[in-house]
Amino acid sequence: VISYSVASSQDIRGAEMFIRNINGLKFECTLELYIDNSINRYRPIVFLDWGAGGGYLAFTHELEVKPGILKKKYVGYYTYPAAGLYNIVYKDTFRISNINNINTSETEAIEVSYQHLINPLLGSNNSPIVFSYQTNVVNKNGIYHFVPNAWDPDHDSLSFKFVSCIATNYNFPNSIVIDSIERQVMLKLRQ
């Protein structure tokens with residue numbers, strides 16, 4: 001992990017990535033970064049590893065999703081050399097400090113990745129589209145609820161699971177669960 005300890009620049013709170021097939025081997029990537037507006041580091045472009053080469057995504061616009069939090073959108077295109085399995089990765093070292101379950105979070109990178117399968121026999125392969133913001137968390141009597149709202153343009157079935165965090169100092173909350181009946185993520189903080 002390459003990291004920098006520049007507290008004035010760490011503004012990323014979260015990220016999402018979406019991949020869309022344009023035609024043949026040409027794909028579009030949309031990267032959405034959740035940014036702490038009090039820091040709001042200027043990024044006209046971001047670098048993306050497409051799994052077969054690198055390229056840049058350009059800033060298109062921003063939206064305030066809640067007071068103090070901006071969602072900044074970046075878009076870029078890439079044409080793959082051939083069908084195959086590619087690991088698309090965005091990595092940035094400008095992580096916000098004082099994340100409760102990541103000790104020394106300001107020294108940790110944020111990484112968003114997507115395993116992308118291009119197989120002409122299976123047809124087009126687009127990533128699911130997430131409609132709910134990461135900031136849409138509701139506190140009901142000390143239990144935090146998040147309802148993921150997603151749709152797959154290829155009509156693939158969707159399921160949710162927790163994956164390991166790349167941060168070296170990450171403490172996974174043992175009171176977080178996915179409620180598959182209510183279709184929500186719940187977290188009860190320690191009293």
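Here a trainee and a mentor talk through a predicted model.

Trainee: What rules apply to this predicted model?
Mentor: Local features need pLDDT of at least 70, side-chain atom pairs count only at pLDDT 80 or more, and totals for chains, interfaces and linings use all residues. Residues are numbered from 1 along each chain as its sequence is written, and side-chain values use heavy atoms, leaving out hydrogens and water.

Trainee: What makes residues 1-9 a stretch to treat with care?
Mentor: pLDDT is the predictor's confidence in each residue, from 0 to 100. Over residues 1-9 it stays under 50. Where pLDDT is low, the predicted coordinates should not be read in detail. The mean for the protein chain is 82.

Trainee: Why is the set with M17, L33 and W50 called a nonpolar core?
Mentor: Because a nonpolar core is a set of buried (under 20% relative accessible area, 1.4 Å probe, protein chains only) Ala, Val, Leu, Ile, Met, Phe, Trp, Tyr and Cys residues joined through side-chain atoms within 4.5 Å. The largest one has 24 residues. β2 (26-36) gives the most, with 5 residues.

Trainee: How do you know that T79 is in contact with L25 and K26?
Mentor: Contact means heavy atoms within 4.5 Å. T79 meets that with L25 and K26, leaving aside neighbours within four places in sequence.

Trainee: What links N125 to L117?
Mentor: A polar atom of the N125 side chain lies 2.9 Å from the backbone oxygen of L117. A polar contact needs a pair of N or O atoms within 3.5 Å, one able to donate a hydrogen and the other to accept it. N125 also touches F27, Y114, H116 and D154.

Methods: Buried means under 20% relative accessible area, exposed over 50%, partly exposed in between (1.4 Å probe, protein chains only). Helices (H or I, at least four residues) and strands (E, at least two) are DSSP runs, numbered from the N terminus.
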